[in-house]
Amino acid sequence: MGIIEIIGIAGSVSLLSGWRLYLCIFATGLAMRLEALPVPEHLASLGVLENPWVMGIAAIGALAEFFADKVMWLDTAWDTLHTAVRPIGGALLALAIVDPSDPATQVIAFLLGGGASFLAHGGKASARAVVNTSPEPVSNAVVSTGEDIATVGLLWLAYEYPMVAAGIAVVLFALMIALLLIARRIIKRVFFRMPKPDGRGGAG
């Protein structure tokens, strides 16, 4: 496995961790335990993810996140609580993916992994804040379910096809940037349309 594939996998997993950290850990550990995910020798440190205790805690976290993420405004509170957790988790996952005999690469992976997770977390949280402005709760559950499916599917693609992982990371990065820009524009528009204390609308 070349450096491009390793960086691609690390980037993809880190970005996806910004969406669903616990699901990424549990799905990876489960795939390894079922031997559906062959792990190269230099990625042996990922074996900790199939530890029963790690999988159990990740499963509880994934289950809690599954329900919390589908309730209007509770998802925003959950995202706020995980503002530090997801980037750190994504950084550690990226760190586990690179060759432990190369300290420089490990430092780079840790920094980039944390940054990628934070970016993905920011894009997700901003997009969900916009969705929460909708008066009906259905859209919230639909978007959350879509994130669940996309996370599992893209995680599988990244591990199964390392050559595609770099492309997945680039697409996810572009998507996160787009979500942040769109959310910023919508939130700004909603803010300026809010009525002022004197009863008049905001600047048009």
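## Exercises on an all-helix chain

The chain exposes about 10900 Å² (Shrake-Rupley accessible area, 1.4 Å probe), and carbon and sulfur atoms supply 76% of that area. This is a predicted model, where local features need pLDDT of at least 70, side-chain atom pairs count only at pLDDT 80 or more, and totals for chains, interfaces and linings use all residues. Residues are numbered from 1 along each chain as its sequence is written, and side-chain values use heavy atoms, with hydrogens and water left out.

**Exercise 1.** Work out how many helices and strands the chain has.

*Solution.* Start with the DSSP runs: helices are H or I, at least four residues, and strands are E, at least two, numbered from the N terminus. Counting gives seven helices and zero strands. Read in order, that's α-α-α-α-α-α-α.

**Exercise 2.** Find which residues form the nonpolar patch, and which element gives the most to it.

*Solution.* Look for nonpolar side chains (Val, Leu, Ile, Met, Phe, Trp, Tyr) within 5 Å, on residues with over 30% relative accessible area and no salt bridge (Lys or Arg side-chain nitrogen within 4 Å of an Asp or Glu carboxyl oxygen). You get Ile88, Leu92, Val107, Phe110 and Leu111, with about 480 Å² of accessible area together. Next, place them: α4 (85–97) and α5 (103–131) each give two or more residues, and Ile88 sits in α4. The top giver is α5, with three residues.

**Exercise 3.** Decide how α2 and α3 are oriented to each other.

*Solution.* The axes (lines fitted to C-alpha atoms over the stretch in contact, angles from 0 to 180 degrees between N-to-C directions) of α2 (residues 52–68) and α3 (residues 74–81) come within 9 Å and cross at roughly 140°. Angles under 35 degrees count as roughly parallel, over 145 as roughly antiparallel, 65 to 115 as roughly perpendicular and the rest as oblique. So α2 and α3 are oblique. Their contact (heavy atoms within 4.5 Å) includes Gly61 of α2 and Trp78 of α3.

Key:
Patches are made of residues with over 30% relative accessible area and no salt bridge: like charges are joined within 9 Å, nonpolar side chains (Val, Leu, Ile, Met, Phe, Trp, Tyr) within 5 Å.
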